[in-house]
Structure formats: structure tokens, C-alpha cells
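Good morning, and thank you for coming. Please look at the sequence and the structure as I show them.

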Protein chains: 2
Amino acid sequence: MSDRLPPLTALRAFDAAARHMSFSKAAAELNVTPAALSFQIKSLEEHLEAPLFRRLNRAVELTDAGRALAPGAADGFTALSAAWRAARRTVDQTTLTVTAGPAFTAKWLAPRLFTFAEQHPGIELRFSATLRLMDFTRDDVDVAIRFGFPREEEGLFSRKIIDEWLTPMMSPALAEQYPTPADLARAPLLHQVDTAMFKPSFDWPAWFRAAGLPPRFASGTQFSQADHALDAAVAGGGVVLARISLAEGDLREGRLVMPYKIALTTQAQYRFVCPDGVENRPQVKAFLGFLEEQTQALSGYGQDMTFVDAAEVAD
Amino acid sequence: MSDRLPPLTALRAFDAAARHMSFSKAAAELNVTPAALSFQIKSLEEHLEAPLFRRLNRAVELTDAGRALAPGAADGFTALSAAWRAARRTVDQTTLTVTAGPAFTAKWLAPRLFTFAEQHPGIELRFSATLRLMDFTRDDVDVAIRFGFPREEEGLFSRKIIDEWLTPMMSPALAEQYPTPADLARAPLLHQVDTAMFKPSFDWPAWFRAAGLPPRFASGTQFSQADHALDAAVAGGGVVLARISLAEGDLREGRLVMPYKIALTTQAQYRFVCPDGVENRPQVKAFLGFLEEQTQALSGYGQDMTFVDAAEVAD
DNA sequence: GGCTCACATAAGGGATACTTAAGTGAAATG
DNA sequence: CATTTCACTTAAGTATCCCTTATGTGAGCC
């Protein structure tokens, strides 16, 4: 009964058996015969000097010792296989998995996917749209695009993608009804809750203050995601205070217009993030270059804007 | 470059090499020759189809792939070895590791250790005194004694040890100076912060309310641990509102007395906790029996007390 | 320039782990 | 109630992997 680790193949056999609660299913998972698995379990039990399974004739069940071992063993192998996948991603030069928020994925990444595929036919892009912050070593993700304030973190490569600013946007039809900022007093406003936690805030009250108008609060529809608010604005449902990054596609196609010349700038920005070293992999370099190239198009939209920083009009 | 796990012995060799940043030290740790370890690393690199180490002539350093693999591999093997130790503890009938708070360890467990050792010479008791809540599957602990409100939790066996109550205690000399509860108005009070988060609270204000006296707040010395407050009281430093469980030893030896007959009862109690199934192991049964036997002595101390529940005098 | 250190490589032996084949006992089936 | 089936065990033989000893290589060190 040594304190050192038992044979690892036997441990893995036990893990599979405990997960399936069946030796034969475990054997199938590991591509060995049931006999081999039976031997592995037996060898592990000899190392422990105690049974791990109680053999009932039609089934097996864990002993106390087995119940003590099973969860930790499962955790261990899960960690090992995640680590191995992370190492494999490092080697693989043909795929790149990007995680971004739902709005950025829908309004920015997805429409440009075709262009990237054309420029880099050898690279397969994969998206994982979630607001959850990813752990690069545990989740199967290479790089992330996150919206937030600049922040240096140990072991992470980070780069600004977009200088963000916001201004009221609406469908051309609505722009005729509300030609001046003051007309917004009677316009339906669309709100987003997904940026509500940022301070200084860049919401409708902040923009009204920047425009020198009385703020309007708590009226209009709330959207949990920015892309849905934009879609509602395109459909003529109201006026949205949108990030230029997300709106660029709809502006270019003429589905949205920016009738007023007052914009709110913010330190919050879309940033590219990946573990240190990953930025040197060829497909990541290609993706970074693509991001820079594509974001240059944004600079044209701010030509005749008057910019007011969100911090200056903080409540 | 398969997505399945590589040979586990090779992974373990890599883990050791990455931790030591040296093949020969890793070989020594695993009790194999450096040549064997070199082969294991090489085999792992062939599975990955990429180098994991950069061989400098006097040293090795991790490649990007190695840096991606190392932390997760370390986590995995840590989890596996913790799980194995947990299983081994299940089998071992000669040792029992108990975790408890510092006060209970000092004032209750440690003084009774000798008695337990006499009754059960075959069992080696180990203590781990910490306020941190333990994870039975990860930390090397069999059973825990925790102070708190009764709470059922999935997968945990739990049993009340002591019906707790509190009353002012002090050295016999001080008791002569402060013969009645009203005299406490001019006595130095000792406070404990470690029970401050319990609601309904059982602190000095609660006791004063139970005694029908005007409460005194925020005067006297604060102790972070209950055993230190008791020691201060023994030394004549003041009056402590102490848990009967912790004070029993000092009461029995006459170092502390309870001059007033008003006590505060609370639903908070010392509880024995262990993972389901562990309560059936022989040394755990022995320890549980010992706890029950030893706590019976406490019932004698409440004979002529008037009990007021903390909930009735909650602020 | 020779020594040492750390890792690489080669070849052979020995331990592990797997396979096939046969066996056991209880539950399911008719 | 006999038969089949199912899940695991056991036995014997074999392939594989892993480790050993011995030797080789290159860079730093005295």
C-alpha cells in the first residue's frame, strides 16, 4: 500500500469504470477487452489492498474506497486531457478558435468571416460566442476578444482593436422624423443592459449630458445584448446609442444613419487577448493582421463628429 | 497527433521534468535513469509532433507547447495523487486526521488526546487546526469538527456533538469583586470576534438583554480566537462570555467560575462532519464514541442555570 | 586542452498490458 | 424449471512498452 501513485493505466481504467459503472463499457471506451479492464481494476485493488468495486452479478457498485477515489480521479484525467488539448492547439496551425461576446460575434466577426476565409484559405476559424470569461488553459479556446477597460494581466498578451465611440443611430426613415438631437425627447429609445456595469458610463443619460440636453431615463425597450438593440433600430423600432464597432456594417449598408454630430468616447474598448506566446503562432498573426486591417475602415465614420469623453459627463 | 490522451507515463515524466526544469532531477524523482526519462519526453514529443523542450546544452527550457501543457499536467497529477491519498485513508485503520478550529483544538481536543490514546492505542490521531473549511476529497483530512448552525449537506454525514450555551465566566478572585450580574457594569469585558457573524448573535449585548440589564457595548479587549479570550480570563484579565464546551476544562480545574445563573442558549453548535460512509470506519466510530462519552460530562454544568435562548433576545 | 555536466542514442532484457478462450454465477426468458 | 444471457473473472500466451547499461555529443568550466 504505497503512498506513491499507482500505475496510471490502472487508474485510468478505474476512472472509466467508475464513470460508466460498468467494466465492459469502460473497456469499450478504452478500446480494450473486458478482460484487460478487469485485470487493471484488480491490479489497482491490489495496490490499495482493498476492493474498489463490489461485484454484484449483473452490475458493479463502488465501495467507500472507490467513492473516495472516483471524483478526484475524474478531475485529474479531465485536467490532463484539457492540458493535452491545449498543447495540441499550440501545434495546430490550421485552426484558430476565437471567443467573443454574442454582439461582437454577430455584428463584426460573422459578417467578415468570408473575407478572412478568402485571404487565409488554410486557416479554419471557429467561434465560441459567450460572455463568460474563458480560462485559456481549461477551455478549448486560443484567443479572446473582450470589451472592457485596458488592463494588463500577468501572462496575457493584450492589444486594443478599436477606439470606441457611440452616437445615436436609427433607420433613415426615423432620422427624417427626428432631425435634431432635441427631437429625441419624443423618440423611442432603445437601451442595452450589457454595458450597464461600466463606470464612467456611456449610456443615454451620458449622451444627453454631452449634447447639453435634459436626460431621459428609464423609457423605451431594454435589450440584453447590443446586437438585438441594433437589429431593433434597423427595423425602425427606435433610436439606439450604439458602439461604432458594432454598427459599422449597418451604417455601410445604409440601414442605419447617424444624424447628429455629437459622439461619446469611452476608455472601454474591444481588446484582443491571448496567453503570452500564442500571439506568435502563424494563424494568430494572420488573425491579428486581419483585425487591424478591418478596423481601419472605422476611422472614416468619425470625420465630422464632435467627441465628448464619457468621463467628462459622468453622473 | 491524436486527440486522445498520450501515454500517461510519458505525461508524468514531462510533468516532473517541467517542475524541475531538468531531465536528470525528474528521473531521480521518478526513480528511473535519465536515459529512460529522455525517451519518455521524446515519445511524448512524437505524439504531439512538436518539441516540448528546447535543449540548451546545460539546461532545458519549455517551448510554447510545453508551456501550454505544463500547468494543466501539474494540476492533473496533483488531483490524481490527492484522490489516491483519499482512497488510501479509507483503507488505513490506524490513523485518523481531524480538523477543527484553533479554539476547539486547544481547549477541548488537545487536553483529551491522552485519554483517547489510552482507550485506543492502535489509533494515531492527527490534528489540523484551521478555520478554513476543508474539502475532504482534496485535503488530507478524514473528519471535521465545525461550529455553526445545523445544516444538512449532500454527501456529508453530520452529527451534533454539544448543546451549546454561554454564561459569564471569570477567575475566582474576580468573582468576589463582581458577585452579581449588575456588578458587570464596572467589570472589564473580554470579547471574541470569531463568533460575531452568527445571527441571532450570542455576544455580550445579548446576554445583558437576557439578564434584564442595560447592555454595554464596545468596551474591553477583542480576541480573534475564543481560546485566547478564555486564557485571558483565567489570568484574571476580565470576564468572558464563554461557550461551555470550551470552558469545561478551566471550570473543572477551578480556574474559572460561573457566578451568575443566567445562560444564553444558541442553535449554533459544535458538529462532527465527514463524507458519507466515512462514519463507518472503525477509527471514526471509535472517535465518535469518544466524543459522545466526553461531552456527557458537560451536562452537569447547567444544573441550576436559567436558560434564555439567543433568538428571544435578538437585537 | 582536457574535464565535467546534461542530455541523446543504441541495443537488449524484463515487466506490463493486452488478447483469446474458457469459466462462473445470477438474472432474465420461455 | 431449464435455458439463455449477461457481466465479470481467470488462465495462458504474446506483443508492446519501458527501463537498463553503455556509449556518444556538445558546451561550459578550470
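Buried area is the accessible area (1.4 Å probe) that two parts lose on being put together, summed over both. In this predicted model, local features need pLDDT of at least 70, side-chain atom pairs count only at pLDDT 80 or more, and totals for chains, interfaces and linings use all residues. Residues are numbered from 1 along each chain as its sequence is written, chains are lettered from A and ligands numbered from 1 in the order in which they are written, and side-chain values use heavy atoms, with hydrogens and water left out.

I begin with the two protein chains. Chain A and chain B bury about 3600 Å² between them, 73% of it on carbon and sulfur atoms. Of the area that chain A buries against chain B, 22% comes from Leu80(A), Trp84(A) and Arg88(A), more than from any other three residues. Across this interface, zero salt bridges are found (a salt bridge is a side-chain nitrogen of Lys or Arg within 4 Å of a carboxyl oxygen of Asp or Glu).

I turn now to the DNA. Which residues come nearest to DNA strand C? Of the 19 residues around the strand (a heavy atom within 4 Å), they are Thr33(A), Gln40(A), Asn57(A), Ser38(B) and Arg55(B). A side-chain N or O atom of Ser38(B) is 2.5 Å from a phosphate oxygen of DNA strand C, and one of Thr9(A) is 2.7 Å from a phosphate oxygen of that strand. For Asn57(A), a polar side-chain atom lies 3.0 Å from a sugar or linking oxygen.

Key: A polar contact is a pair of N or O atoms within 3.5 Å; within protein, one must be able to donate a hydrogen and the other to accept it, and residues adjacent in sequence count only if both atoms are side-chain atoms.
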